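Here are some short exercises to work through with the model open in your viewer. Try each task before reading its solution.

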Amino acid sequence: MMLRNSSIFLYLIVFVITFSSTTNARIHDYQYPKTSFLQCLSHHSSSNSSNNDLTKVVYTTTNSSYFSVLNFTIINPRFSSPSTPKPLFIITPLYESQVQAAVICARKHGVQIRVRSGGHDYEGLSYVSEIPFIVIDMINFRSITVDVERRTGWVQTGATLGELYYEINKKSKTLAFPGGACPTIGVGGHITGGGYGAIFRKYGLAADNVIDAQLVDVEGRVLDRETMGEELFWAIRGGGGASFGVILAWKVLLVRVPETVTVFSINRNLEHNLTKLVHRWQYIAHKLPKKLLLAVRFQTVNSTKKGIEMKKLQATFISVFLGRVDGLLYLMEKRFPELGLVREDCTQMSWIQSALFVAGLPSEQSPEILLDRTPQSRLSFKAKSDYVKEPIPEKGLEGIWERLYEEEVGSGIVIMSPYGGKMSEIPESELPFGHRGGNMYKILHYLIYWEEEENSGIVVEKHISWIRRLYNYMTPFVSKNPRSAYINYRDLDIGRNSNKGTATYAQASIWGVKYFGQNNFNRLVHVKTMVDPTNFFRNEQSIPPLP
């Protein structure tokens, strides 16, 4: 065993020594021999695992697969340029002992850890840092087990939502999980921020439906709900994914769905009295029955009028109804006849087909498409979020339309999603996610997209400047004191810790109160102080301990 471990260690050393200085990538200048970290990793992995072939899970900058592994799940090319800081190593563990070893050795050598489950962090914080760091990429932690009788499942943190939905559907056509719309999102990070999707008005957040978890803490111990205690278990379900440890797996509660659901997606524009229609939607959508979600997306599209090409504002009303078309038509005629919904607009399908529908995939395709981890788009983007407690007046809505016209066709998007239902029944203190009752709807996204080849400083600044102006314009119409935001749509504009991830309570509260609310933020700080007093797990928006 000692000879075999030494061979593995020497093999890894070769990777480090043969590093080519011709690479243009920005790799951190490390102040101690990288071999020390690899030796530590080999030692601690071998003491806990019968299979210690680290060459299969450790990628150094000289490994031919390093950049393909790093870039595979990055959904935002803003953070994959040559000038973006790169990790010293990427570790793709196969066993929990290798995660434990990575935590122990990183702490010993003063290296920051970034943990990636799906690569969807909007500011790239799961794979970028300004100080020396390694990435623990949980892509190999993808096991999913479903217990239909108990309506539960264990899902490892590197599995995607699409993989989870697919495995549930294999076992039952009438069980589901109330997670998000994008199938390539990693389950690990999704739940740590709360996580919501098309049936959250009926069943709450993804995090509301977690009943156990496994994580590696700052000491390298594997803990479950019982051994971590209720305070830490509370904190990891909505308190963000970078503050308390490395999540290994979640035990989730599955929810019942009917065999047939109904969906529709219909377009309306200014010729359909759009402003009045959306103004009316604000009063209705959050009061609809829990089994009905009616969201709306705004963007400009190309249009031709009398042979002249022009830009036109389009609103797309998107709905998922847990029931048959007759029930949906009855509800819409009674509650929102202004929309003019007719039977031909609606499609009945299974729940798994509706998962394809809300993901923007053809619902007639095989559910196996949910297993494809390749991001659907490689466009660069910047996003923000808001919460609305009172209807925006028609004049205010018209100001949104005006600003959408300022950007290139289709590149600027605003999405509104109603609250109410189950979300109004759960106390704000139930989880760190504090956006519950009192919210009419969420501005799910302000989004701006641009092509990857446009990632020059001037072009990027132009687009980001646009979304910041739109966000500033919305100030009078959204939540106040604090102006709330959703941590899974991370936005460093609202506040950040230092580049080293350190922050005082006062500094962190600037952004923390916006994500969690004052009381929940204070409680998160208390938990952090208990479980990670030296602030080992940290990034630009992680919870700080008290001094």
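Contact here means heavy atoms within 4.5 Å. Keep in mind that this is a predicted model.

**Exercise 1. Which residues of α10 and α13 meet, and at what angle do the two helices pack?**

Step 1: Locate helix α10 at residues 274–284 and helix α13 at residues 394–406.

Step 2: Apply the contact cut-off. From α10, the residues Thr275, Lys276, Val278, His279 and Gln282 meet Glu394, Leu397, Glu398 and Trp401 of α13.

Step 3: Compare the axes, which lie 10 Å apart and make an angle of about 120 degrees. Angles of 65 to 115 degrees count as roughly perpendicular and those over 145 as roughly antiparallel, so α10 is oblique to α13.

Step 4: Add the handedness: α10 and α13 cross in the right-handed sense.

**Exercise 2. Give the strand order of the open sheet of seven strands, and find which strands stand at the edges.**

Step 1: Reading across the sheet gives β17-β14-β16-β15-β19-β20-β18, with antiparallel pairing.

Step 2: Look for strands with a single partner. These are β17 (346–349) and β18 (380–388), so each has one side without a neighbour in the sheet.

Step 3: Check the twist. On average, neighbouring strands are turned by 20 degrees against each other, direction ignored.

Step 4: Zoom in on one pair. Strand β15 (residues 292–305) and strand β19 (residues 412–418) are joined by four bridges in the antiparallel sense; Arg297 has Ile415 in β19 as its bridge partner.

Step 5: See what packs on the sheet. Helix α14 (residues 457–473) touches β18, β19 and β20 (441–450), and its direction makes about 160 degrees with that of β20.

**Exercise 3. How many disulfides does a search of the whole structure find, and which cysteines form a disulfide?**

Step 1: The search returns one disulfide. Its partners are Cys40 and Cys105, with sulfur atoms 2.1 Å apart.

Step 2: Place the two partners along the chain. Cys40 belongs to helix α2 (residues 34–46) and Cys105 to helix α4 (residues 96–109); they are 65 residues apart, and the pair links distant parts of the chain.

Step 3: Read the torsion. The value about the S-S bond is -90 degrees, making the link of Cys40 and Cys105 left-handed.

Step 4: Turn to accessibility. Cys40 and Cys105 are both buried. Cys346 is buried too, at a relative accessible area of 13%, whereas Cys182, at 25%, is partly exposed.

**Exercise 4. Asn273 and Asn535 have positive phi values. Is each one buried or exposed?**

Step 1: Start with Asn273, whose phi is about 55 degrees although it is not a glycine. Asn273 sits in the loop between β14 and α10.

Step 2: Go on to Asn535, in the segment after α16 (518–531). Its phi is near 60 degrees.

Step 3: Use the cut-offs: under 20% relative accessible area is buried, over 50% exposed. Asn273 has 54% and is therefore exposed, while Asn535 has 9% and is therefore buried.

**Exercise 5. Which residues of helix α12 are buried, and what covers them?**

Step 1: Within α12 (residues 351–358), the buried residues are Trp351, Ile352, Ser354, Ala355 and Leu356.

Step 2: Their cover includes α5 (161–171), β9 (175–176), β14 (261–269) and β17.

Step 3: Look just past α12, where Gly360 takes a positive phi of about 80 degrees.

Key. Residues numbered from 1 in each chain as written. Predicted model: local features only at pLDDT ≥ 70, side-chain atom pairs only at ≥ 80, totals over all residues. Heavy atoms only, no water. Pairing = 2+ DSSP bridges. Axes fitted to C-alpha atoms, helices over the stretch in contact; angles between N-to-C directions. Disulfide = S-S within 2.5 Å. Buried < 20%, exposed > 50% of the residue type's maximum accessible area, 1.4 Å probe, protein only. Parallel < 35°, antiparallel > 145°, perpendicular 65-115°, else oblique. Left-handed = near helix turned anticlockwise from the far one by under 90°.
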